[in-house]
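Take the chain as a whole before turning to its parts. Then follow the helix pairs one at a time.

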Amino acid sequence: KMTQQMRDLQLAQARKPPGPSSPNAAKRLYRNLSGKFRVNYTSFDEGSLVGRGEKEKLRKSYLFQSNAALFEAVELQDLDRVQELLKHYSPEELDLNTPNSEGLLPLDIAIMTNNAPIARALLQAGAKESPHFVSLESRSLHLSTLVREAEQRVNELMAQVVNEAPNADCSEKEKQLKAWEWRFRLYKRMKAGFEHARVPDAPSSVHLSVASSSSLQVTFWEPLSVNSAVVTKYKVEWSCFPTFSPLLGEAVVDKLKDLHFTIQGLVSGTAYHVRVSAYNMKGWGPPQASTPLFAIPSNWREYDGRAPRRRGQAEALDHLLGQVKTVHQHCICHEPCKNQPQSRKHSVSKSLKHLFHPGSKFLKTLKRGLYLTAIFYKDDNILVTHEDQIPVVEIDDTYSCLLMQDFLWFTKVSCMWDEILWLRQCVTVSQSSCSCILQTRFKMLLAISQMQGLLGIQDLGQVFFEPIKDKQGNILIVTLKEVKTNQTFESVRWVPICKLQTSRKSVSSPEEPTALDTLLISVQDKLAYHQRSSRALSPGLYLGYLKLCSAVDQIRVLVPERLPNILCHVKIRSNPNISREEWEWLQKMASVEEPVPTEAEADTSQNPLLQELQVAIKELMSLVNIPLQEAKDFRLYSQEVLDFGDQVSFLLLLPPSDDVCTAPGQNNPYTPRSGFLTLPLQIFELGEER
């Protein structure tokens, strides 16, 4: 009866055409499906002879075939075919969760034939079990009906083949008989798989951690037993009592790509017990209690009621900038701008003079001086002028020695590309002071405006952490920006980087290359630096290593090349939150002037953070080439946890106070291995802010 209801439902929905009638048909369909769909469907354009309605019908036809191919691949237990279909088609295109004419879903077939790899692949793609199987009895009855009807059909076809004389109809009947014999064996295997299955064991492990002052994170692992059926979902339960009576809440996790769940909306300071149980087609298995047995939602800031360091800072800076603009709005420095258009004749002649002035064009060669170059790139292409040159404008042709203070000021200006005109107006009033610093910085602003005008874009990107210098007295300040959209620029065009490097003729010797040649040779390294400095860390708690070195005019910080916007670091765990209890323990350790116990000396079973720190410190010391025995003199920064948003936090490991910053001329016995560089501290701070 249930089978008949399902078939009636399918006929009413008219969702599925019949699938291939045999394994050979399935193979032929699958072999031709991918190429047919990609070529025939996607190659149609608006001028094709096939109309829109015909194309939509053809598209649906291919999608129906892809769904049939998925069913057949699952029935044939062909993992490679299943993965290929899931890769090329979305769950919606495959109708992944719509039953076929037998009332089955691909996941039903996979779990009842106990094919765990295919079942896991389907589950990660979002597959569900058939909603018609509301009980064990209904599933058993449905399978028995499928087996009985398939057997009956086999007997009928066999009798027809035996009794009829050999002809074309008989040959067709033999094909149908083979197909139904194959389907009969499949249904019997599914029925046997269901009958021999048992409920799943408890999850092998359940880990409970504090995610915030109002949430807990539950991470769990699959049951160890391989004899039970595939687990298709999990249930997380929580309560304030170890008996779980009363139950405060529960949640079903059926997206099994990542086996974790965050319990939200909890009360800070309250202990919660958590357990997890697994489900398969035979029902729910026994629950597994968490480790630790309970957890208390909290955050390290609750230890002393400290507010976030950056709370309100962005708003305060915006307000301060608005006040400064208001003060300067009626400043005398704006008067020349108001009185500039004295007459139409003078304005036109000045505009023509400016148009043909060499300063209004990109430069082809460098003289002795200070210059600005902007590198815009997209994939493997770079923006160049019509003369196949990277855009360069002059800042100052009399400036042959770039002071670090001027360069660092320029990097700060890069945070205000949209305010260059206003900054120029504010600096103009100080021209009369004849300050060399102000004159240079005003010329920098003029060069920025010129570059923005020539390119037709305000945002010039991020400043490279050091200028390029040559022995001819040229200095290049480099900005980098990745273009991810089809953005149009003025006076420039896209060319492949490799083509630019091979076509440009060098005007210098290899021993003494010019700044432009050096830029072209190293452009890919600079693009790689820019891309790496824009990457973000995955969520988690990290252990960072703070090491500085000082020079005459700057302090530099040690960073990894793969992530130059972050201190040298290793990941402690995926949960970024430090609970109040963990912070109290860290404060206690900081007040005791003794080294952190080694793994052999301490019982880490009662303090997971201690074990995590020991592993992280060992990994970090190896990373920066410091002997592990030296770590006993290092300290954990215990004033605060460095929070970078809600998903990333840092604990800092500091060398002894005398070794935090290496002085000029001082030898560092522990030189980091390759893969590190030192950035000016101000550049690092700007990169971290980005």
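**An enclosed helix and its neighbours**

Seven of the ten residues of α13 are buried, so this helix is largely enclosed by the rest of the structure. The buried positions are M404, D406, F407, L408, F410, T411 and V413. Keep in mind that this is a predicted model.

What does α13 pack against? One partner is α15. Helix α13 covers residues 404-413, and α15 covers residues 436-455. Their axes lie 11 Å apart and meet at an angle of about 40 degrees. Angles under 35 degrees would count as roughly parallel. The angle here makes α13 oblique to α15. The crossing is right-handed. From α13, the contact draws on Q405, D406, W409, F410 and V413. From α15 come I437, T440, R441, M444, L445 and I448. Sorted by class, the contact of α13 with α15 has seven nonpolar, two polar and two charged residues. D406, F410 and V413 appear in this contact, and they are also listed among the buried residues of α13.

Now step back to the whole protein. It has 20 helices and 24 strands. Of its 690 residues, 44% are buried. How much of the contact network links residues 24 or more positions apart? Such pairs account for 73% of the contacts with a separation of 6 or more.

Confidence varies along the chain. The protein averages a pLDDT of 81, and 79% of the residues score at least 70. Two stretches fall under 50: residues 1-50 and residues 334-359. For residues 1-50, the model has 80 contacts beyond four places in sequence. For residues 334-359, it has nine such contacts. Where pLDDT is low, the predicted coordinates should not be read in detail.

Next, look at α4 and α7. Helix α4 spans residues 79-88, and α7 spans residues 116-124. Their axes come within 10 Å and cross at roughly 5 degrees. That makes α4 roughly parallel to α7. Which residues meet? L79, V82 and L86 in α4 meet P117, I118, A121 and L122 in α7. By class, the contact of α4 with α7 has seven nonpolar residues, no polar ones and no charged ones.

A further pair sits at α18 and α19. Helix α18 runs over residues 580-591, and α19 over residues 608-623. The axes come within 10 Å and cross at roughly 60 degrees. Roughly perpendicular would need 65 to 115 degrees. The crossing therefore leaves α18 oblique to α19. On the α18 side, the contact residues are E582, W585 and L586. They meet L609, L610 and L613 in α19. This contact of α18 with α19 divides into five nonpolar residues, no polar ones and one charged.

Finish in a loop. R301 lies between β8 (288-295) and α10 (313-329). Is R301 buried or exposed? Its relative accessibility is 14%, so R301 counts as buried. The cut-off for buried is under 20%. Leaving out residues up to four places away in sequence, R301 touches R306, A307, P308, R309 and D643.

Terms used. Residues numbered from 1 in each chain as written. Predicted model: local features only at pLDDT ≥ 70, side-chain atom pairs only at ≥ 80, totals over all residues. Heavy atoms only, no water. Axes fitted to C-alpha atoms, helices over the stretch in contact; angles between N-to-C directions. Helix = DSSP H or I, 4+ residues; strand = E, 2+ residues; numbered from the N terminus. Parallel < 35°, antiparallel > 145°, perpendicular 65-115°, else oblique. Left-handed = near helix turned anticlockwise from the far one by under 90°. Contact = heavy atoms within 4.5 Å. Nonpolar A, V, L, I, M, F, W, Y, C, P; charged D, E, K, R; others polar. pLDDT = per-residue confidence, 0-100. Buried < 20%, exposed > 50% of the residue type's maximum accessible area, 1.4 Å probe, protein only.
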